[in-house]
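Trainee: Before we go through the model one element at a time, could you show me the sequence and the structure together?

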Amino acid sequence: MDTFALAAVLLFIMGGVTAQVQLEPQNAVVLQSSDARFNCSTRQEAWTVMIWSLNGRLALTILEASGMLNSSNRFSAIDYSTAGESKWEFIIKNVSRNDSGEVSCQIQGSEPVTTGLSVQESGSVEVIGTNWTVMEGDQVVFQCLAAGWFPTPQLSWTVADTLVDQQLFNTSSVEVGTLVNSNSTLKFTAVHNVSVACLASIPALIIPQRSSVFLVVEKVEKPVHRDQTMLIAVIVSVIAVVLLILIIITIVLCCKRRKREQHTHNHRKKELRTLGKDRGRITLVTLPTPKVPDVVKSNQEANDHYGTLGDNGVRKHRHVTIV
């Protein structure tokens, strides 16, 4: 009779006994290639057989009187029983993802008590590139790659050992066979020297895996900015004075030009008035009188009152011209 058949017979024989069974932990999460441990306990004073199953297959049988019946390199148990409580720890060594599923413990007279087993894989994590040297104020971009994980890892960033808000970086994942690769990008402005780290975690990991680089920020030499308030005030004052002087000069020149134009106008009016008066005056003009023959001499003598006779026999006449 094989072990499973013997365990079934024993459970059937002792079926009349009722037992209270407790199985811990609930929904165990372990890393691949590590050991999974479960505790099954009862306060029943007399029990005969305890059966452990993995995904419906018999894994280990324990008798109260003699201990394990069918231990192997993968399945074993340790007795932690005390007075008043029977307690056995079931160990699954070198677990693989195929072991994920249900683990159950059953004592005769009770229903099987079941818990879950999740086997996970941790891969690698790396911040791409080495230490950076940038100028203050530069925009820097860091990329993190987590490869070969199951399930999808949770990626996060720290800057100067301070956790970065999830809204400041983005993450994407892709399945590669039965594993998952994830990529995350972080951007920020360089201010001072800091350490930058990327962390990858799954529930089976107690401490997240991390990869870090160091950012060296060189200061930008900025010109010394002096207070320009006084200089601006002086410049404005000088400009205002110059404008005022220009305005005054312009006004003076305009006034002089206006007075000059007024004087010229008055002078022209005076000349016109003088010219009008001169038109009413009589101007005497003396012209030479041509020599008159003796034939007309008698007539000229008759007209002596109009002119005088000169020494050369030429009579001078006076003509009146009215202007």
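**Loops, strands and cores**

Trainee: In which loop is Pro151 found?

Mentor: Bear in mind from the start that this is a predicted model. The residue before Pro151 is Phe150, and a cis peptide bond joins the two, with omega at about -5°. As for its place, Pro151 is found in the loop between strand 13 and strand 14 (154-159).

Trainee: Which residue lies over the face of Phe150, and at what distance from the ring centre?

Mentor: We have just met Phe150 as the partner of Pro151 in a cis peptide bond. What lies over the face of its ring is Arg97, and the distance from the ring centre is 3.6 Å.

Trainee: What is the omega of the peptide bond from Glu24 to Pro25?

Mentor: Pro25 has its place in the loop between strand 1 and strand 2 (28-31), while Glu24 belongs to the uncovered face of strand 1. The peptide bond that runs from Glu24 to Pro25 is cis, and its omega is near -10°.

Trainee: Is Asn27 buried or exposed?

Mentor: Asn27 is found in the loop between strand 1 and strand 2, and its phi is positive, at about 55°, although the residue is not a glycine. Because its relative accessibility of 56% is over the 50% cut-off, Asn27 counts as exposed.

Trainee: What is the relative accessibility of Ser33?

Mentor: Ser33 lies in the loop between strand 2 and strand 3, and although it is not a glycine, it has a positive phi of about 75°. The residue counts as exposed, because its relative accessibility is 51%.

Trainee: Which residues form the covered face of strand 1?

Mentor: In a regular strand the side chains alternate between the two faces of the sheet. Strand 1 covers residues 21-24, and Gln22 and Glu24 make up its uncovered face. The covered face is formed by Val21 and Leu23.

Trainee: Which residue in strand 3 stands opposite Leu23?

Mentor: Strand 1 pairs with strand 3 (residues 36-42) in the antiparallel sense, over four bridges. Within that pairing, the residue of strand 3 opposite Leu23 is Cys40.

Trainee: Which residues have the most contacts inside the largest nonpolar core?

Mentor: One of these residues is Met50, which touches Cys40, Leu60, Thr61, Ile62, Trp88, Cys105, Gln106 and Ile107 when residues up to four places away in sequence are not counted. The core as a whole has 26 residues, and those with the most contacts inside it are Phe38, Met50, Trp52, Phe90, Ile92 and Leu117.

Trainee: How many residues are in the other core, which lies apart from it?

Mentor: Among its members are Trp149, Leu155, Leu205 and Leu215. Leu215 lies in strand 19 (residues 209-218), and it is buried, with a relative accessible area of 0%. The number of residues in this other core is 25.

Trainee: How far apart are the C-alpha atoms of Leu215 and Val194?

Mentor: Leu215 touches several residues that are over four places away in sequence, including Trp132, Phe142, Phe188 and Val194. Leu215 and Val194 are 21 residues apart along the chain, and the separation of their C-alpha atoms is 5.3 Å.

Trainee: Which strands are at the edges of the open sheet of four strands?

Mentor: The order in this antiparallel sheet is 11-13-17-16, and the twist averages 15° from one strand to the next. An edge strand pairs on one side only, and this applies to strand 11 (124-127) and strand 16 (169-176).

Trainee: Which residue in strand 17 stands opposite Phe142?

Mentor: Strand 13 (residues 139-149) and strand 17 (residues 179-189) run antiparallel, and nine bridges join them. Phe142 lies in strand 13, and the residue opposite it in strand 17 is Leu186.

Trainee: Why is the ring pair of Phe142 and Phe188 classed as it is?

Mentor: A pair of aromatic rings is described by the distance of the centres and the angle of the planes. A search of the whole structure finds four aromatic pairs, and in the pair of Phe142 and Phe188 the centres are 5.7 Å apart. Phe142 lies in strand 13 and Phe188 in strand 17, so the pair ties together parts that are 46 residues apart in sequence. Because the planes are at 15°, and under 30 degrees is the cut-off, the pair is stacked.

Methods:
Residues numbered from 1 in each chain as written. Predicted model: local features only at pLDDT ≥ 70, side-chain atom pairs only at ≥ 80, totals over all residues. Heavy atoms only, no water. Buried < 20%, exposed > 50% of the residue type's maximum accessible area, 1.4 Å probe, protein only. Helix = DSSP H or I, 4+ residues; strand = E, 2+ residues; numbered from the N terminus. Pairing = 2+ DSSP bridges. Core = buried A, V, L, I, M, F, W, Y, C linked by side-chain atoms within 4.5 Å. Contact = heavy atoms within 4.5 Å. Axes fitted to C-alpha atoms, helices over the stretch in contact; angles between N-to-C directions. Phe/Tyr/Trp six-rings, centres within 6.5 Å; stacked < 30°, edge-to-face > 60°. Lys NZ or Arg CZ within 6 Å of the ring centre and 35° of its normal.
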